[in-house]
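User: I am new to reading structures. Can you take me through the labels and show how each one is earned?

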Amino acid sequence: MKNVFLVVEQNIQLTHDFYKLVLRGDCAGNMAGMFVNIKLDGFSLRRPFGIADSDDHTITLLYKVVGGATKYMTSLMAGAIIDVLTCLGNGFDLNQGRKPLLIGGGTGIAPLYKLAKQLNEKKPDIILGFRSARDVCLTDEFSQFGKLHITTDDGSLGIKGTVVSYLISKKLDYDYYYACGPIVMLQALTKLTQNGEVSLEARFGCGFGACMGCSIKTVTGYKRVCKEGPVFSAGEVIFSE
Amino acid sequence: MNRLEAELLGRKLKNPIIPASGTFGFGYEFSEYYDINILGSIALKGTTLMPRYGNPLPRIAECPAGMINAIGLQNPGAEQVISTELTKLKKVYNEPVIINIGGHSFNDYIETSKMFNDVDSIWAVELNISCPNVTGGGMAFGTDPKTIKKLTECVKKVLKKPLIVKLSPNVTCIQDMAIAAEEGGADCISLINTLVGMRIDLKTRKPIISVKSGGYSGPGVFPVAIRMIYETSRCVKIPVIGMGGITNAREVLEAMYAGASAVMIGTQNLVDPFACKKIIEDLPMVLDEFSIENISSVIRRNANA
Ligand SMILES: Cc1cc2nc3c(=O)[nH]c(=O)nc-3n(C[C@H](O)[C@H](O)[C@H](O)COP(=O)(O)OP(=O)(O)OC[C@H]3O[C@@H](n4cnc5c(N)ncnc54)[C@H](O)[C@@H]3O)c2cc1C
Ligand SMILES: Cc1cc2nc3c(=O)[nH]c(=O)nc-3n(C[C@H](O)[C@H](O)[C@H](O)COP(=O)(O)O)c2cc1C
Ligand code: FES
């Protein structure tokens with residue numbers, strides 16, 4: 001973990017409720033699957049966001065407006081300085097599989113961006129699921145890194161259904177998956193197949209392991225989503241009903 | 001001469017700043033962030049006789065000036081705390097620390113306390129009496145003076161170390177609770193634990209926390225804490241450790257003027273992992289601002305002053 005002050009470089013709207021925020025400063029050490037926890041004026045607790053992209057000097061976040069803090073984030077102007085804890089959690093294991101499959105649902109597409117970029121050479125299949133056509137974004141960007149499959153719940157774009165129903169109907173050639181998305185999606189996916197890893201979310205108190213606010217049950221005991229996670233091997237997580 | 005030196009229960013502390021139980025884990029993980037040897041002492045995560053997973057998620061709900069938690073005393077149990085957690089802490093922290101004990105029956109508290117009698121790396125025991133008394137109808141131990149007095153007596157009888165009784169603010173008259181702890185033989189009082197609170201999710205129309213309510217802490221409880229520190233420190237002779245919503249060095253001073261001999265920092269550690277370090281570094285400046293030479297001069301010497 002590092003506590004750094006980053007400067008807002010870019011904050012652009014991608015869809016009706018999805019934004020891209022680029023931050024500049026000391027950004028070294030942020031791996032795909034790790035997350036940042038940002039302090040925003042007027043909000044008691046920090047807000048966690050997956051690393052969508054990063055290099056030594058920038059971090060890109062993709063965020064959806066869902067409540068007060070994410071609404072406030074849309075007003076951040078270039079030049080604004082924010083207090084960020086970076087390099088949090090454990091990222092994806094890039095050395096698994098010869099033919100990877102990336103599965104993202106909703107905001108879960110965020111951490112898959114950097115991952116897809118890094119797995120580019122393995123030509124991964126990438127399934128991204130959205131609610132509706134108006135939520136679909138970043139398709140050109142993801143297409144550069146692998147073969148992109150789009151699903152929407154209402155069928156207004158791509159294939160109608162969920163990423164999991166798509167996976168069941170299509171025989172994709174893959175030997176390891178990386179998934180991030182809503183808990184119901186991950187639960188359905190891990191029931192189907194456990195040959196991969198999943199990135200989880202939880203309501204965090206601290207985001208760096210101090211409060212036990214985010215402990216989940218796993219087959220090897222209790223683990224903190226923020227510290228031992230957010231990425232877990234798919235067979236490890238015990239989802240509560 | 002160390003201007004921040006404080007004394008608590010006959011023990012010299014580098015300063016009166018102690019991370020509060022439940023917000024600092026078992027301490028050692030914070031040594032990745034800074035040298036935790038600068039701390040006055042450390043209160044460890046609430047420990048119970050047997051391991052506990054705690055409550056289902058969500059356990060956390062944000063509030064305008066703080067947070068609600070319902071961790072449910074997740075901990076690996078006293079045995080493993082002694083064999084594993086304290087061993088890890090010892091490698092990065094040179095002084096003994098305060099163990100915080102939770103329980104759901106008299107027997108839980110007594111047996112757990114006993115286990116720390118011969119553990120060198122523990123110098124004091126803090127009893128978290130905000131837990132529900134399962135054998136006594138589920139009401140928290142800390143809301144009934146008779147129960148507090150009896151529990152304190154029972155633990156004191158078996159304990160060879162200083163006993164700190166941590167009071168719950170969820171009572172009508174905090175003085176009665178403080179007096180009961182003192183009469184039971186407590187060496188010190190700490191307060192406040194969290195205030196019972198609840199938040200509702202507007203989308204689901206249900207409480208955010210899985211077990212509905214939880215403990216409210218953070219800047220919003222600070223005035224409540226100050227009032228309770230003030231009232232208790234004036235009705236008992238034993239020292240009072242103050243906590244509740246403290247975020248900076250000026251608030252430390254305020255808690256000490258209210259009557260605290262030392263302070264604990266809780267929720268702020270979760271928002272800012274460097275909170276205690278910053279407060280310790282800022283304290284000399286605040287002392288200068290109010291022309292205070294040594295922080296020990298701020299500490300109340302008797303209950304009537
Ligand atoms: C490890 C991790 C990575 C994440 N990555 C992303 C990302 O890349 N893009 C993105 O859009 N969102 C991401 N989220 C979710 C994001 O943190 C929440 O949407 C955000 O905190 C909501 O804040 P708010 O004030 O707008 O909403 P509110 O609902 O008003 O927030 C109230 C409280 O609930 C918490 N909360 C609300 N929704 C969530 C949620 N889904 N997960 C965790 N806590 C929540 C907030 O942190 C806050 O403490 C991630 C969450 C986690 C745990
Ligand atoms: C996440 C969390 C966990 C806590 N766990 C414990 C605990 O195990 N035992 C205990 O006595 N108090 C516990 N507390 C209470 C704190 O030690 C402290 O009394 C309270 O939070 C008020 O201080 P603050 O406002 O500075 O946080 C916990 C508080 C929080 C926020
Ligand atoms: S959020 Fe505090 S331990 Fe994970």
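User: What makes the pairing of A:Lys117 and A:Asp53 a salt bridge?

Analyst: This is a predicted model, and the distance is computed from it. The closest N to O distance between the two side chains is 2.8 Å. The cut-off is within 4 Å, for a side-chain nitrogen of Lys or Arg and a carboxyl oxygen of Asp or Glu. A:Lys117 and A:Asp53 fit, so the pair is a salt bridge. A:Lys117 sits in helix H2 (residues 110-119) of chain A and A:Asp53 in strand S5 (residues 53-54), so the bridge ties together parts 64 residues apart in sequence.

User: Why is A:Asp53 called buried?

Analyst: Its relative accessibility is 13%. Buried means under 20%, so A:Asp53 counts as buried. A:Lys117 is at 38%. That value falls between 20% and 50%, so A:Lys117 counts as partly exposed.

User: How do you know that A:Lys2 and A:Asp26 form a salt bridge?

Analyst: Their side chains meet at 3.1 Å, N to O. The limit is 4 Å, so the pair qualifies. The bridge links distant parts of the chain: A:Lys2 is in strand S1, while A:Asp26 is in the loop between strand S2 (18-24) and strand S3 (35-39), 24 residues apart. A:Lys2, at 27% relative accessibility, is partly exposed. A:Asp26, at 39%, is partly exposed too.

User: What makes A:Arg224, A:Glu228 and B:Glu29 one network?

Analyst: Start with one pair. A:Glu228 and A:Arg224 form a salt bridge, with their closest N and O atoms 2.8 Å apart. Salt bridges that share partners then join A:Arg224, A:Glu228 and B:Glu29. A:Arg224 is buried, at 10%, whereas A:Glu228 is partly exposed, at 30%. Over all chains, the search finds 22 salt bridges.

User: Why is A:Phe5 called exposed?

Analyst: Its relative accessible area is 52%. Exposed means over 50%, so A:Phe5 earns the label. A:Phe5 lies in strand S1 (residues 2-13) of chain A. Together with A:Val7 and A:Ile81, A:Phe5 forms a nonpolar patch on the surface, with about 300 Å² of accessible area.

User: Why is B:Ile192 called buried?

Analyst: B:Ile192 has a relative accessible area of 4%. The cut-off is under 20%, so B:Ile192 is buried. B:Ile192 is in the loop between strand S9 (188-191) and strand S10 (195-197) of chain B.

User: How do you know that A:Glu201 makes a polar contact with ligand 1?

Analyst: An N or O atom in the side chain of A:Glu201 is 2.8 Å from a nitrogen atom of ligand 1. The limit for N or O pairs is 3.5 Å, so this is a polar contact. The backbone of A:Pro48 also takes part, with an N or O atom 2.6 Å from an oxygen atom of ligand 1. The protein covers 84% of the 830 Å² of accessible area that ligand 1 has on its own. Ligand 1 lies between chains A and B.

User: What makes B:Thr267 a polar contact of ligand 2?

Analyst: A polar side-chain atom of B:Thr267 lies 2.6 Å from an oxygen atom of ligand 2. That is within 3.5 Å, so the pair counts. B:Asn100 offers a side-chain N or O atom 2.9 Å from an oxygen atom of ligand 2. The protein covers 97% of the 610 Å² that ligand 2 has on its own.

How values were computed: Residues are numbered from 1 along each chain as its sequence is written. Chains are lettered from A and ligands numbered from 1 in the order in which they are written. This is a predicted model: local features need pLDDT of at least 70, side-chain atom pairs count only at pLDDT 80 or more; totals for chains, interfaces and linings use all residues. Side-chain values use heavy atoms; hydrogens and water are left out. Patches are made of residues with over 30% relative accessible area and no salt bridge: like charges are joined within 9 Å, nonpolar side chains (Val, Leu, Ile, Met, Phe, Trp, Tyr) within 5 Å. Accessible areas come from the Shrake-Rupley method with a 1.4 Å probe; for residues, only the protein chains shown count as cover. Helices (H or I, at least four residues) and strands (E, at least two) are DSSP runs, numbered from the N terminus. Buried means under 20% relative accessible area, exposed over 50%, partly exposed in between (1.4 Å probe, protein chains only). A polar contact is a pair of N or O atoms within 3.5 Å; within protein, one must be able to donate a hydrogen and the other to accept it, and residues adjacent in sequence count only if both atoms are side-chain atoms. A residue is near a molecule or strand if one of its heavy atoms lies within 4 Å of it.
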